[in-house]
Amino acid sequence: MTLPTGIRRAFRLALRRPRIDEEVDNEVEFHLAMRTADLVERGYTPEAARAEAQRRFGDTKQWSMAMSELDRERAAYDRRTEWLGDLRQDLRYGVRSAIRAPLFSLLAVSTLALGIGANAAMFGVVKSVLLDALPYRDPDRLVRMYGHFAAGSDNRGPLSAGTVNDIAQRQKSFTGVASFSGLPQDAIYIDEGGPRVVKAAWVEPALFTTLGVPAALGRLLRDDDAASDTVYSIVLPHTTWHRMFSGDTAVVGRRVHLNGLPRTIVGVLPKGFVGPVAGADVYFPLSLRPALRDPIRARRSHWLSLVGRLKPGVTVDAARGEMVAIAADLAREHPRDNGGITIATVAVRDAMVGDTRRPLVVLMASAGLVLLITCANLAGALLSRTVSRRKEFAVRVALGAGRGRLVRQLLAESTVLALVGGVAGVLLAALGLRALRGLALPSLPEYAQLSLDGAALLVTAATAVATGLAFGLAPALSASRSNVQGTLRDETRGASESLGSRRVRGFLVAGQIALCVSLLAGAGLLARSLWAMTTAPLGFNAESALTFAIQLGPSYGTADSRLRFQEQFLERARALPGVSAVATTSELPTQVMNRNGFTVEGAPLPADDAQPFALYVAVSDDYFRTLGIQLEDGRTFNASDAGGPPVLVIGEAMAKRYWPKGNAVGSRLRVGPNPNAPLITVVGVVADVRNDPARMDPEPILYASIRQNPWNSPVVVVRTLGDPLAMVKPLQRELAAIDPTLPLYRPATLRDVVGNGLAGRRLPVVLMTAFGALALLLASVGVYAMFASMAAAREREFGVRVALGAGRGNIAGLVLRQGGMWLGLGLAGGALGVVAVTRLIGDLLFGVGPFDPMTLGITVSTLVACAALALVVPIRRATRADPITTLR
Amino acid sequence: MNDDSLDLLKGTLDVLVLKALTWGPRHGYAVARWIEDATRGTLQIEEGALYHALHRLEKKRWVASEWGVSETNRRAKYYTLTAAGRQQYVAQTATWARYAEAVSSALAMA
């Protein structure tokens with residue numbers, strides 16, 4: 001029985017403080033009445049007495065107002081101090097109650113540490129990549145422009161010198177534009193330590209002013225540095241200055257030898273500057289004039305990247321519109337060269353972030369899901385704790401604690417837990433980021449510094465507080481709603497959980513399962529994709545093979561000398577014991593960057609008048625045999641090609657696409673933009689090699705012979721009988737025997753080279769799998785906790801049922817039915833989650849459909865298995881309900 | 001009220017109110033009556049100012065208030081000196097005595 005509401009209300013009214021104005025009025029009225037009574041006693045008439053009392057008091061209204069004002073200020077101050085005092089008390093109480101239940105607190109704190117830590121670490125990565133300022137002045141005003149070939153897949157291609165020149169003269173959107181060669185070139189640097197290969201980036205001097213970067217030392221490049229070939233000025237990035245010149249300030253003005261030519265260091269770039277050309281060790285001044293003078297190179301050779309700084313008030317979209325218009329004009333003016341090419345305009349950050357944005361967003365979202373599961377889990381745990389603490393709350397309410405106060409106190413308890421969890425989480429995140437640095441840095445933009453700075457800590461703190469409030473809210477509200485009278489009076493019979501609270505817990509568990517299914521499915525799909533990428537045949541044998549590069553210096557100026565060197569080296573290498581085959585190539589498979597346009601003889605020009613592109617590599621005779629690439633038709637290269645008519649070997653995909661009748665061998669094509677280029681005969685067709693492991697379909701590829709096209713930086717592939725890296729030393733000796741000035745660099749096993757190409761793909765898989773495992777663990781604990789407390793709450797009922805003749809099976813069925821409903825609801829929610837997740841990660845999938853039955857099957861069965869495992873203990877306990885003990 | 005009554009000196013009222021409460025809880029009217037009697041009507045104060053002083057002292061936590069029942073069986077607000085109020089009373093009394101002595105001796109000079 002409870003008190004009638006009316007009485008309770010009457011009590012509350014009595015407890016309420018009267019309003020300040022009323023009090024003051026009462027006090028003044030009392031005074032006036034007393035004074036009047038006194039005066040009447042002294043012989044005044046009541047009217048005169050009242051008037052005299054009034055006169056002595058003064059202006060009642062004014063004084064009352066002044067008193068009320070003072071009282072109000074006092075009351076406000078009291079409320080503030082009371083609030084603070086209460087908060088302090090709540091926190092103290094929160095800490096105490098956490099210590100009282102050490103096991104629960106430890107579990108809660110470690111769960112929170114994992115959830116918050118995952119978020120803090122991911123935020124650290126996201127912030128450094130997507131949010132931190134780029135190392136340029138007003139980086140938001142910088143854009144990159146790319147050539148977009150309508151026919152090809154390459155939508156971030158280079159531009160020709162002619163196009164760059166036209167853009168520079170016609171554009172009105174930018175205060176300035178500057179171009180640079182998109183790929184750094186290897187150059188030989190010789191000092192006391194011997195020859196070394198450095199990466200040189202050719203940039204127009206205006207690049208540094210466009211980016212808004214000052215010199216840290218000396219000066220940066222000027223236009224006259226590029227004007228003449230007789231002035232050789234170079235600029236060093238900060239890292240090179242430190243690494244190669246030990247940070248010597250006297251380096252400005254020093255002459256160094258690069259590619260055999262003396263160059264003068266004129267300046268050093270500031271620390272933290274990240275150039276648009278990845279990995280440049282030195283900057284050379286670039287002038288477009290020589291390229292513009294050459295009629296073929298001017299418009300047909302695409303090799304330049306372009307960056308521009310927007311004028312104030314011009315948006316990226318406006319600039320993009322102008323560039324598209326210029327591209328259309330150029331296509332009209334130079335249909336043969338610029339036809340089919342449009343210009344893609346992209347904000348610099350987007351250009352630099354590139355492909356990492358999507359995985360990062362996916363991972364941040366995953367970490368967020370883990371935190372949500374953490375919240376749901378702890379909310380469930382706290383709810384069951386609330387049930388067992390109901391008596392305590394009832395006593396407190398009975399002693400005068402307001403419901404608001406009770407809610408506040410429970411929220412303080414959960415916030416205390418969350419804050420402790422947050423601190424532990426930050427420590428975990430710091431450790432996690434250290435581990436991530438090795439895994440993630442190669443796949444992240446160069447400017448990204450993975451660290452937890454003040455902003456990240458602030459966000460983490462806010463996350464912790466929000467988490468505490470989020471998972472504490474449901475239990476706190478449920479505790480405040482409990483029926484005080486009933487709880488206090490009825491000690492044992494009220495022990496079962498209320499329907500509302502049980503439903504909340506059910507939804508929490510269902511939510512956890514849904515989120516967990518989504519995460520696991522996402523992780524599974526990504527893992528399957530990576531598995532498919534690493535296991536799908538690339539088209540060559542990457543095992544027990546060593547690769548390294550050799551840079552031929554300026555003394556190898558002629559094609560003849562380059563060919564002679566390669567033949568000489570191949571012969572010596574082949575003779576080494578432990579080497580079964582050896583070959584050279586211009587670029588390694590999976591790493592080929594060079595693409596050339598081509599025109600098939602007699603084939604009609606494509607409708608948009610643009611050339612198709614194909615990968616282009618120059619290889620030695622034994623290349624196909626060394627890499628295990630099958631010959632499908634015709635022949636590979638041999639000695640007869642030296643000095644003979646120009647020949648090509650092509651990939652199977654290309655042969656099928658352009659010669660569907662199978663007559664590729666013997667047909668002819670032109671390579672490059674020049675319509676008068678010599679016709680080259682296709683002499684062979686080989687099996688395809690997938691150059692991008694993340695793409696299923698092989699790209700068209702053209703192989704030329706080094707006998708006809710000897711590169712000056714050959715990459716050597718050595719098939720070995722034993723450990724590939726053990727062959728580096730003997731091969732170095734052979735190289736030195738031919739020419740001691742040539743450096744052998746970047747030695748690695750072919751397996752590692754291919755694997756590193758997938759490093760960026762591995763990061764999301766590893767992290768999302770970790771998040772998925774975490775989610776699974778949390779969800780299992782959640783399922784266990786719900787069933788355990790559900791079974792415990794109904795123990796008495798089960799006892800009655802057993803007493804009335806119900807079998808163990810019936811009892812187990814009861815528990816299962818109740819829990820199974822929530823499990824089913826969770827799985828249904830998970831199905832929706834999977835749809836959302838696959839939409840988000842669709843682009844990252846490879847060789848696996850978004851609704852891969854195997855992945856989904858494994859996900860669901862893993863989850864159900866874990867849930868079943870979590871069910872065992874509670875069900876056993878329920879079926880052991882002893883009617884004698886429970887009913888006594 | 002006679003015309004010789006002195007204008008209230010600043011702060012005098014506060015110390016008188018504190019003094020009035022040293023014997024225990026009193027309501028505002030009792031305080032007013034005590035000051036009237038104790039100064040034999042020398043001090044001419046508006047009683048509203050007296051109440052203002054009481055509330056001011058309460059805000060400073062020198063006195064505390066509570067509603068009770070008066071000798072005439074009416075609800076009245078009773079004021080009590082707090083520990084801080086008692087300290088203030090001692091301190092202000094000393095100050096006032098020094099001040100009065102100084103003024104008196106100055107005026108006593110021939």
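Which residues is A:T626 in contact with, leaving aside its neighbours within four places in sequence? Select A:T626 and look around it. A:A581, A:V582, A:A583, A:V717 and A:R719 are its contacts, where contact means heavy atoms within 4.5 Å.

Before moving on, some ground rules. This is a predicted model, in which local features need pLDDT of at least 70, side-chain atom pairs count only at pLDDT 80 or more, and totals for chains, interfaces and linings use all residues. Residues are numbered from 1 along each chain as its sequence is written, chains are lettered from A and ligands numbered from 1 in the order in which they are written, and side-chain values use heavy atoms, with hydrogens and water left out.

**Stop 1: around A:T626**

Stay on A:T626. It sits in helix α22 (residues 623-627) of chain A. Helices (H or I, at least four residues) and strands (E, at least two) are DSSP runs, numbered from the N terminus. A:T626 counts as buried because its relative accessibility is 1%. The cut-offs are these: buried is under 20% relative accessible area, exposed is over 50%, and partly exposed is in between (1.4 Å probe, protein chains only). Now add A:A545. Its C-alpha is 8.8 Å from that of A:T626, although 81 residues separate the two in sequence.

Next, pick A:D622 and A:R625. They form a salt bridge, with the closest N and O atoms 3.8 Å apart. A salt bridge here is a side-chain nitrogen of Lys or Arg within 4 Å of a carboxyl oxygen of Asp or Glu. Is A:D622 buried or exposed? A:D622 is buried, at 18% relative accessibility. A:R625 is exposed, at 53%.

**Stop 2: a loop residue**

Go to A:A639. It lies in the loop between β17 (631-634) and β18 (647-651) of chain A. This residue counts as exposed because its relative accessibility is 54%. Beyond neighbours within four places in sequence, A:A639 contacts A:D621 and A:R707. Show A:R707 too. The C-alpha atoms of A:A639 and A:R707 are 8.1 Å apart, with their positions 68 residues apart along the chain.

**Stop 3: a long-range salt bridge**

Side chains of opposite charge can pair when their charged atoms come close. The structure holds 34 salt bridges over all chains. Select A:D90 and A:R408. Their side chains meet in one, at 3.4 Å, N to O. A:D90 is in helix α4 (residues 60-100) of chain A and A:R408 in helix α17 (residues 403-440) of chain A, so the pair ties together parts 318 residues apart in sequence. A:D90 is buried, at 2% relative accessibility. A:R408 is partly exposed, at 23%.

**Stop 4: where α3(A) packs on α3(B)**

Select A:R55 and A:E52. A salt bridge joins their side chains (3.0 Å, N to O). Both lie in helix α3 (residues 46-57) of chain A, three residues apart, about one turn of the helix. A:E52 is buried, with a relative accessible area of 15%. Now widen the selection. A:R35, A:E52, A:R55, A:R56, B:E36 and B:E47 are linked in a network of salt bridges.

Turn to the helices themselves. α3(A) packs against helix α3 (residues 47-59) of chain B at an angle of about 55°, with the axes 5 Å apart. Axes are lines fitted to C-alpha atoms, for helices over the stretch in contact, and angles run from 0 to 180 degrees between N-to-C directions. The two helices are therefore oblique to each other. Under 35 degrees counts as roughly parallel, over 145 as roughly antiparallel, 65 to 115 as roughly perpendicular, and the rest as oblique. Highlight A:A53, A:R56 and A:F57 on α3(A), and B:E47, B:G48 and B:Y51 on α3(B); these make the contact. They divide into three nonpolar, one polar and two charged. Ala, Val, Leu, Ile, Met, Phe, Trp, Tyr, Cys and Pro count as nonpolar, Asp, Glu, Lys and Arg as charged, and the others, Gly among them, as polar.

**Stop 5: chain B**

Colour chain B by secondary structure. It has four helices and three strands. Along the sequence, the pattern is α-β-α-α-β-β-α. Of the 110 residues in chain B, 41% are buried.
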